[in-house]
Amino acid sequence: MPKGFIFDLDGVIVDTAKYHFKAWQSLAKNLQYNFTEQDNEQFKGVSRVRSLELLLEMAQYKATQEEKEHWLTEKNDHYLSLISNMNASEILPGITEILTALKAQKIPIALGSASKNAKPILKKVGLLSYFDVLVDGNEVAKAKPDPEVFLTAAKGLGVAPENCVVFEDALAGVAAAKAAQMVCVAIGDPAILFKADHCFASTAEITPSFVQSLIA
Ligand code: B16
Ligand code: MG
């Protein structure tokens, strides 16, 4: 059976969550809201628009459509300035080795991310050429936990969903992968990501033999 591998971006390939956090935090200041790291957990894997809605709920602020559009642009501009100097040193441990091993075995690889900035980030860290298919926030109508992002990626790879393996760090992403009938490898807290088939505390713990067992 041909296999396909699908990777989430933020929290799996690179840790851009810290940059999203800074950008949301400075926006929250305008709303007199003290945005914490704990609040930021709820934003992982969640679209930009939905993240702003969550922030407005937290700050108990009723914004006009115009304000929302202004803040979405402001947040993204700030985020883009924060990631402008990203490079290969920000790739999470073991990820380049996994991608290299898959490529050597001609296993097709896709990105399945909620981010609209996924392609420039992959370019900056030098991983773009590993990916046969990119599905990101620009391509999908329904955000995770809807399975659309991963089903579109599987289609692009030409691999049946049940033969796809998804690497995810967010609760919504794990739910999306399981709704797509895919094998899900989670990175993070097993108590939170318990719906995944396998869970590792960090990417550094994923061994080459484990990756081989997913291919076999
Ligand atoms: P952008 P992922 C997600 O990436 C992030 O986890 C989430 O925090 C962010 O709001 C979302 O992308 C949208 O990102 O503002 O760049 O379009 O984890 O799905 O790779
Ligand atoms: Mg993620």
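# A tour from helix H8 to the magnesium ion

Select helix H8 first: after this helix comes Gln181, whose phi is positive, near 65°. The model you are looking at is predicted.

**Stop 1: Gln181 and helix H8**

Stay on Gln181. It sits in the loop between H8 and S5. Its positive phi is found here in a residue other than glycine. Is Gln181 buried or exposed? Its relative accessible area is 57%, over the 50% cut-off, so Gln181 is exposed.

Now step back into the helix. Select residues 171–179 to show H8. Which of its residues are buried? Colour Ala172, Gly173, Val174, Ala176 and Ala177: these are the buried ones. Next, show what lies over them. The cover includes H7, S4 and strand S5 (183–187).

**Stop 2: Gln60, another positive phi**

Jump to Gln60. Its phi is positive too, about 50°, although Gln60 is not a glycine. Look for it in the loop between H3 and H4. Its relative accessibility is 75%, so Gln60 counts as exposed.

**Stop 3: H3 against H4**

Gln60 leads you to the helices on either side of its loop. Select H3 (residues 48–59) and helix H4 (residues 65–82). Two packed helices are described by the angle between their axes and the distance between the axes. Here the angle is about 110°, and the axes are 11 Å apart. That makes H3 roughly perpendicular to H4. The crossing is right-handed.

Which residues meet? Show Arg48, Val49, Leu52 and Leu56 on the H3 side. Then show Lys68, Trp71, Leu72 and Asn76 on the H4 side. By class, this contact has five nonpolar, one polar and two charged residues.

**Stop 4: H1 against H3**

Keep H3 and add helix H1 (residues 17–30). The axes of H1 and H3 come within 11 Å. They cross at roughly 40°. That makes H1 oblique to H3. This crossing is right-handed.

Zoom in on the contact. From H1, pick Trp24, Leu27 and Ala28. From H3, pick Arg48, Ser51, Leu52 and Leu55. These residues divide into five nonpolar, one polar and one charged.

**Stop 5: H1 against H4**

Hide H3 and bring H4 back. How do H1 and H4 cross, and at what angle? Their axes come within 9 Å and cross at roughly 140°. H1 and H4 are therefore oblique to each other. H1 passes H4 in a right-handed crossing.

Select the H1 side: Tyr19, His20, Lys22, Ala23, Trp24, Ser26, Leu27 and Asn30. Facing them in H4 are Trp71, Glu74, Lys75, His78, Tyr79 and Leu82. The classes here are seven nonpolar, four polar and three charged residues.

Pause on Ser26, which lies in helix H1. At 30% relative accessibility, Ser26 counts as partly exposed. Draw a distance from its C-alpha to that of His78. You should get 9.0 Å, although the two residues are 52 apart in sequence.

**Stop 6: Asp132**

Move on to Asp132. Its place is the loop between helix H6 (118–124) and strand S3 (133–135). With a relative accessibility of 46%, Asp132 counts as partly exposed. What does Asp132 touch? Leaving out residues up to four places away in sequence, the contacts are Lys103, Ile107, Pro108, Ile109 and Leu157. Try one more distance, to Ala153. The C-alpha atoms of Asp132 and Ala153 are separated by 9.7 Å, with their positions 21 residues apart along the chain.

**Stop 7: a cis peptide bond**

Find Pro145 in the loop between S3 and H7. Look at the peptide bond that joins Lys144 to Pro145. This bond is cis, with omega near 15°.

**Stop 8: Asn163**

Cross to the loop between helix H7 (148–157) and strand S4 (164–168), where Asn163 is placed. Its relative accessible area is 13%, under the 20% cut-off, so Asn163 is buried. Beyond its neighbours within four places in sequence, Asn163 is in contact with Met1, Pro2, Lys3 and Gly4.

**Stop 9: the magnesium ion**

Finish at ligand 2, the magnesium ion. Which residues are its protein donors? Show Asp8 (OD), Asp10 (O) and Asp169 (OD). They lie 2.0 to 2.1 Å from the ion. In sequence, the donor residues are spaced D-x1-D-x158-D. Asp8 and Asp10 are both buried.

Terms used: Residues are numbered from 1 along each chain as its sequence is written. Chains are lettered from A and ligands numbered from 1 in the order in which they are written. This is a predicted model: local features need pLDDT of at least 70, side-chain atom pairs count only at pLDDT 80 or more; totals for chains, interfaces and linings use all residues. Side-chain values use heavy atoms; hydrogens and water are left out. Donors are N, O and S atoms within 2.8 Å of the metal (3.2 Å for Na, K and Ca); water is not among the atoms, so sites may look incomplete. Buried means under 20% relative accessible area, exposed over 50%, partly exposed in between (1.4 Å probe, protein chains only). Helices (H or I, at least four residues) and strands (E, at least two) are DSSP runs, numbered from the N terminus. Contact means heavy atoms within 4.5 Å. Axes are lines fitted to C-alpha atoms, for helices over the stretch in contact, and angles run from 0 to 180 degrees between N-to-C directions. Angles under 35 degrees count as roughly parallel, over 145 as roughly antiparallel, 65 to 115 as roughly perpendicular and the rest as oblique. A crossing is left-handed if the near helix is turned anticlockwise from the far one by less than a right angle, and right-handed if clockwise. Ala, Val, Leu, Ile, Met, Phe, Trp, Tyr, Cys and Pro count as nonpolar, Asp, Glu, Lys and Arg as charged, and the others, Gly among them, as polar.
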